[in-house]
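Please take a moment with the sequence and the model that follow, and keep both in view while reading. The paragraphs after them go from one residue to a pair of helices, then to some strands and a metal site.

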Amino acid sequence: MDNHEGCLYRNQLGFYMILRAKYVMPDSRTIIENGAVAIQGSRIVDVGLYPTIRKGGTPPIHDLDEATLTPGLVNAHTHLDLTSSANSVQRTPKFTDWVFQIVGKRTPSAIGPSVRQGVQQSLAGGATTVGDIDGTGGSAQILRDTPIRKVVFCEMLGFSGDSNYTGLARLATYLGTPPVSDSLLTPALSPHAPYSTSADIYRQCVASGLSICTHIAETKEELEFLSSGTGAFVGYLEAFGISTAGWHPPQTTPIQYMKTLGVLQKKSLLAHCNYLTDADVTILAESGASVVFCPRSHHYFYHTDHPIKQLVDRGISVAIGTDSLASNWSLSLLDELKFLARTQPCIRPETLFDMVTCNGAKALGLEQVGRLEKGWQADVIAVQIPNDSRPVIEQILDSSSENLLTVVGGKICYTSNRRNSSV
Ligand SMILES: [Zn+2]
């Protein structure tokens, strides 16, 4: 049974659907040859050998032939509302110059097409879940109508004076009527960054009890600003009419500043963490917070080496994000994983795969996501691999691997042209 619409229809009625493939990889360390995943409604009801699962009934079967079924990938940090800005942003190593190019791009008329394009590109690239930063408050409603799983972090800004009051008022309004969660959407908050967001806003975001994502330790200029109150971010804020005159820099590192504000906790996702001291890493290891590394965005801004290996060695949970298309070459998390593998050869492939699956789910506070397991969410992808003599996990990281099929919550959301032409 390869009729896409037929499977979708039957599945919504509660019928079983079976995905069969040469390999099933329920997690980074387990391989089942000639395996299958049985799905009912939005959940996985069985994972195992195909002949065994097939005996359970005669449901519609999607045979993915020589592909490998894996958990859907989790893109823990992106900004889908910037997808359509990709072609109008010039690459520059100076972060504040890049930000000035972004300002004004997220107009109300641009957000809808941008977010929808971003979702389609994400699904095609193997992501079944995104942690999306909603920069305007307009993305959540658009995302609600899309089939991808998402944690939507509403961005909060406001540094001092009027901008701080405006930010606090916006936060109060949001907390008064937050977006309603549903089976695919979880509302959350993103106090933007320590150079743009006041201590009060950070504290109130933490007090909300929602998951939090903040951009932290991203640039050397941020370190200077928090250490001495000088540097590029002074001019950046003044360009927006925001004064730093009454602000007293904490004279600490960004991570230590976040600790004083109560931000370092299990429900926190720390985006970037490009520049850390040894003391910062120790604080992170004790906090239970997750770090999200954006490998190609990191490369885009010409940053020096990321301390990802050090974080892994200290047991810190690292997730992976694409960041936005305004600082990346695609929104494909499979592409991101391949780039990560090429540039971090000292980290085991299994550990890298965990970062784009179970670690991402943990970072976003999602339960029963990130593995193929009975009772868990039916978020599955089918990756075409070279089928050579290497371990399957290494073949998934091969430059030629390709996502053929994306299933979110038991619904087929993407089928590649290669797959369509073979049906
Ligand atoms: Zn970001």
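Once its neighbours within four places in sequence are left aside, S287 is in contact with L264, Q265 and K266. The model in which these contacts are found is a predicted one, and S287 itself belongs to helix α11, which covers residues 278–287. Is S287 buried or exposed? Its relative accessibility is 14%, and because buried means under 20%, S287 counts as buried. A further residue to compare with S287 is V263, which is 24 residues away from S287 in sequence, while the C-alpha atoms of the two are 9.4 Å apart in space.

From this single residue we can turn to a pair of helices. Two packed helices are described by the angle between their axes and by the distance between those axes. For helix α6 (residues 161–176) and helix α7 (residues 199–207), the axes come within 10 Å and cross at roughly 10°. Because angles under 35 degrees count as roughly parallel, α6 is described as roughly parallel to α7. Which residues make the contact? On the side of α6 they are N164, G167, L168 and L171, and on the side of α7 they are D200, I201, Q204 and C205. Sorted by character, the residues of this contact of α6 with α7 comprise 4 nonpolar, 3 polar and 1 charged.

The next topic is the pairing of strands, in which strand β5 (residues 68–71) takes part with two partners named here. With strand β1 (residues 16–27), β5 runs parallel, and 2 bridges join the two; in this pairing, V24 has L69 of β5 as its bridge partner. With strand β14 (residues 380–384), β5 pairs in the antiparallel sense over 4 bridges, and here the bridge partner of P71 in β14 is V380. When looking along any such element, it helps to remember that in a regular strand the side chains alternate between the two faces of the sheet.

Finally, there is the zinc ion. Which protein atoms are its donors? They are the NE2 atoms of H77, H79 and H215, which lie 2.1 to 2.2 Å from the ion, and in sequence these donor residues follow the spacing H-x1-H-x135-H. Since H77 lies in strand β6 (residues 73–78) and H215 in strand β10 (residues 212–216), the pair ties together parts that are 138 residues apart in sequence. Both H77 and H215 are buried.

How values were computed. Residues are numbered from 1 along each chain as its sequence is written. This is a predicted model: local features need pLDDT of at least 70, side-chain atom pairs count only at pLDDT 80 or more; totals for chains, interfaces and linings use all residues. Side-chain values use heavy atoms; hydrogens and water are left out. Two strands pair if DSSP finds at least two bridges between them. Donors are N, O and S atoms within 2.8 Å of the metal (3.2 Å for Na, K and Ca); water is not among the atoms, so sites may look incomplete. Buried means under 20% relative accessible area, exposed over 50%, partly exposed in between (1.4 Å probe, protein chains only). Axes are lines fitted to C-alpha atoms, for helices over the stretch in contact, and angles run from 0 to 180 degrees between N-to-C directions. Angles under 35 degrees count as roughly parallel, over 145 as roughly antiparallel, 65 to 115 as roughly perpendicular and the rest as oblique. Contact means heavy atoms within 4.5 Å. Ala, Val, Leu, Ile, Met, Phe, Trp, Tyr, Cys and Pro count as nonpolar, Asp, Glu, Lys and Arg as charged, and the others, Gly among them, as polar.
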